[in-house]
Amino acid sequence: MAFGIDYSFGSGLTANKMKAANVAFVCRYLSWQPNPKNINKIEFDNLIKAGLHIVLVWEGTGRDLVNGFRGGQHDAEEANRQAHVLGAPTIPIYFAPCDYDVPEGDQGMINAYLNGAASTIGMGRTGFYGGYWPLSRAFNGHHMSWGWQTYAWSGGNVDHRAHLYQYQNAARLGPAEVDFDHSLKADFGGWPRPQPGKAQPAPHPHPAPAPPPAKPPAPAAGPPYRHTLGDRTLEQMAQARGTTVEHLWVTTVRAVNQADLAVIGKQKLGSAFPVYTTSP
């Protein structure tokens with residue numbers, strides 16, 4: 001079992017600090033450009049040079065399952081292009097098309113999306129990130145080859161067919177906010193890929209346990225609490241709650257629902273508010 005982390009930005013977190021904390025692998029994002037959370041070639045090369053393994057995960061809106069088979073194809077084409085630019089042309093790619101508590105009725109859209117991705121990069125390179133139930137159903141239907149399960153929305157269950165397990169969100173490692181993960185399989189889809197006949201090595205043959213969190217992680221994620229900003233900025237709210245703008249924003253994007261979107265869509269957010277699209 002190897003200890004790893006995933007993060008969107010990792011400000012101030014160096015490879016040396018990761019190694020000192022016994023990090024063996026790092027899970028990093030791909031998505032439509034431009035997006036500051038995406039891994040770039042410089043970061044990729046620095047991590048590899050430090051002896052760390054890299055896992056790639058594609059996450060767009062967190063609700064890309066609604067785009068179905070064609071959406072999976074489209075995203076996988078771009079994910080594959082970015083993997084080639086990084087210098088990892090054969091790396092498995094985990095897709096996160098549903099970063100929320102998925103009802104069973106949404107499984108058909110997940111399966112179609114994964115089938116589209118697999119039709120583009122091959123089933124052998126297609127992975128899925130999600131909670132226990134959608135992950136298990138995708139495994140049962142043979143819609144992907146790699147599984148990364150989060151403790152969130154899992155009710156304490158673990159599908160032992162998964163290759164990675166995310167067991168705590170919003171942890172601290174040095175100056176950065178990260179999530180804690182550990183491997184469930186010797187080969188978890190990282191880069192560099194293992195040589196034929198050899199299991200994927202971990203930089204630490206006997207990695208130490210993950211650094212203790214500030215408080216023990218809950219067996220399952222509790223529901224996020226809904227707030228309104230009032231006349232505050234996001235930065236002011238983050239300071240008042242003792243957290244970061246990044247954490248507030250990521251939590252909001254993961255939890256927002258259709259009713260929230262109906263409210264947000266009618267708000268004037270200011271001329272400088274950034275909005276990202278999938279086309280120019």
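Visitor: Which residues is Lys-37 in contact with, leaving aside its neighbours within four places in sequence?

Guide: Contact means heavy atoms within 4.5 Å. With neighbours within four places in sequence set aside, Lys-37 meets that cut-off with Ser-8, Phe-9, Arg-28, Tyr-29, Ser-31, Glu-59 and Gly-60. The model is a predicted one, in which local features need pLDDT of at least 70, side-chain atom pairs count only at pLDDT 80 or more, and totals for chains, interfaces and linings use all residues. Residues are numbered from 1 along each chain as its sequence is written, and side-chain values use heavy atoms, with hydrogens and water left out.

Visitor: Why is Lys-37 called buried?

Guide: Buried means under 20% relative accessible area, exposed means over 50%, and partly exposed is in between (1.4 Å probe, protein chains only). Lys-37 has a relative accessible area of 10%, so it is buried. Its place is in the loop between β2 (25-30) and α2 (41-49). Helices (H or I, at least four residues) and strands (E, at least two) are DSSP runs, numbered from the N terminus.

Visitor: What makes the pair of Lys-37 and Glu-59 a polar contact?

Guide: A polar contact is a pair of N or O atoms within 3.5 Å; within protein, one must be able to donate a hydrogen and the other to accept it, and residues adjacent in sequence count only if both atoms are side-chain atoms. The side chains of Lys-37 and Glu-59 make such a contact at 3.2 Å.

Visitor: What kind of peptide bond joins Gln-33 and Pro-34?

Guide: The bond between Gln-33 and Pro-34 is cis, with omega at about -5°. Pro-34 is in the loop between β2 and α2. A cis peptide bond also joins Trp-191 and Pro-192, where omega is about 5°. Pro-192 is found in the loop between β8 (176-183) and α6 (234-240).

Visitor: Is His-142, just after α5, buried or exposed?

Guide: At 63% relative accessible area, His-142 is over the upper cut-off, so it is exposed. His-142 also has a positive phi of about 60° although it is not a glycine. Its loop runs between α5 (132-140) and β6 (146-150).

Visitor: Which residues of α5 are buried?

Guide: In α5, Pro-134, Leu-135, Ser-136, Ala-138 and Phe-139 are buried. They pack against α4 (107-121), β5 (126-130) and β6.

Visitor: Why is Trp-153 called partly exposed?

Guide: Its relative accessibility is 22%, which lies between the two cut-offs, so Trp-153 counts as partly exposed. Trp-153 lies in the loop between β6 and β7 (164-173), and its phi is near 60°, a positive value in a residue other than glycine. Gly-156 is in the loop between β6 and β7 too. At 45% relative accessible area, Gly-156 is partly exposed. The C-alpha atoms of Gly-156 and Tyr-132, 24 residues apart along the chain, are separated by 8.7 Å.

Visitor: Why is Ile-91 called buried?

Guide: At 0% relative accessibility, Ile-91 is under the lower cut-off and so counts as buried. Ile-91 is in the loop between α3 (68-86) and β4 (93-95). Beyond its neighbours within four places in sequence, its contacts include Ile-54, Leu-56, Gly-189 and Arg-193. Ile-91 and Arg-193 are 102 residues apart in sequence and 7.1 Å apart in space, C-alpha to C-alpha.

Visitor: How many disulfides are found in the whole structure?

Guide: A disulfide is a pair of cysteine sulfur atoms within 2.5 Å. The search of the whole structure finds zero. Cys-27 is buried, at 1% relative accessible area, and Cys-98 is buried at 2%.

Visitor: Which residues form the nonpolar patch on the surface?

Guide: The patch consists of Trp-249, Val-253, Leu-261, Ile-264, Leu-269, Phe-273 and Val-275, with about 620 Å² of accessible area together. Patches are made of residues with over 30% relative accessible area and no salt bridge: like charges are joined within 9 Å, nonpolar side chains (Val, Leu, Ile, Met, Phe, Trp, Tyr) within 5 Å. A salt bridge is a side-chain nitrogen of Lys or Arg within 4 Å of a carboxyl oxygen of Asp or Glu. Areas come from the Shrake-Rupley method with a 1.4 Å probe; for residues, only the protein chains shown count as cover. Trp-249, found in helix α7, is partly exposed at 43% relative accessibility. Both α7 (245-255) and α8 (258-264) supply at least two residues of the patch.
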